[in-house]
Amino acid sequence: MIIVHHLNNSRSQRILWMLEELQLPYDIRFYQRNPETLQAPPELKRVHPLGKSPILEDRDGPTGGPVTLVETGAICEYLVDKSDGRLGPPRDLQGALRYRQFLHAAEGSVMPALFAKLVVSRVPLLGKLAAKKVQPMIDVHLDYVEQELAGRPWFAGDAMTAADIMMSFPLEAARARAGLAEGRPATVAWLDRIHALPAYQRALAKGGTYAYAKPR
Ligand SMILES: N[C@@H](CCC(=O)N[C@@H](CS)C(=O)NCC(=O)O)C(=O)O
């Protein structure tokens, strides 16, 4: 049995979506951010020392015993393995390389730039100016994504993969707070496409508050 430790309005929405796509049974444990600091509640530290979400527990891990795993990308790869490669890399080498690249880009490049903007924008007085300085660091990624999605429907190729699931949160957040929608029609169309997926909508209904997508 799989348990997802899920924080409202957070990256862990992707794991719910992935589990829905794979139709694996799971339970959700809900946690709410502190409305002022946006930090996770201390209870999450009882599950894992980092106290961040997502955390996945699998009572039937590959070692025969329970597994506790953090890092969204690692959890996605774990779930691909658990479901015999579903949503994993395409067979062609170029597609497989794109899959790996975007699986890492989400947390390794796009999220840090967005996070930098969020942090500096909260600095009193100079915050807005500092956020403007960070914006080009975000734009370079968003423009590259737009160029890639203009040429194919999904990040790795013709089929949706875990790379699309990983890229969903940074791109949803970028639409909400970094001007993604200005002049990037292919990326906006991709966001609309993922939001229309039945599994995405099921995850949204189960996950509770999520500011970056609307139920349909
Ligand atoms: N790179 C990690 C980041 C985990 C992370 O920072 N999670 C956020 C949720 S969006 C969190 O728990 N924030 C609350 C906190 O740090 O207290 C991942 O992809 O899982």
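This passage describes a sheet, the helix packed on it and a contact between two further helices in a predicted model.

The sheet is open and consists of four strands, arranged in the order β2-β1-β3-β4 with mixed pairing. Strands β2 (26–31) and β4 (67–70) lie at the edges, each pairing on one side only. On average, neighbouring strands of the sheet are turned by 20° against each other, direction ignored. Strand β1 (residues 2–7) and strand β2 run parallel and are joined by six bridges. Within this pair, H6 is located opposite F30 of β2. Helix α1 (residues 13–22) packs on the sheet, where β1, β2 and β3 (55–58) are touched by the helix. The direction of α1 makes about 145° with that of β1.

Packed helices were examined in a second region of the model. Two packed helices are described by the angle between their axes and the distance between the axes. For helix α5 (residues 127–149) and helix α7 (residues 185–195), the axes come within 7 Å and cross at roughly 75°. Angles of 65 to 115 degrees count as roughly perpendicular, and α5 and α7 are therefore roughly perpendicular to each other. On the α5 side, the contact is made by V145, E146 and L149; on the α7 side, P185, A186, T187 and W190 take part. By residue class, the contact of α5 with α7 comprises five nonpolar residues, one polar residue and one charged residue. The charged residue is E146 of α5, and the polar residue is T187 of α7.

How values were computed: Residues are numbered from 1 along each chain as its sequence is written. This is a predicted model: local features need pLDDT of at least 70, side-chain atom pairs count only at pLDDT 80 or more; totals for chains, interfaces and linings use all residues. Side-chain values use heavy atoms; hydrogens and water are left out. Axes are lines fitted to C-alpha atoms, for helices over the stretch in contact, and angles run from 0 to 180 degrees between N-to-C directions. Helices (H or I, at least four residues) and strands (E, at least two) are DSSP runs, numbered from the N terminus. Angles under 35 degrees count as roughly parallel, over 145 as roughly antiparallel, 65 to 115 as roughly perpendicular and the rest as oblique. Contact means heavy atoms within 4.5 Å. Two strands pair if DSSP finds at least two bridges between them.
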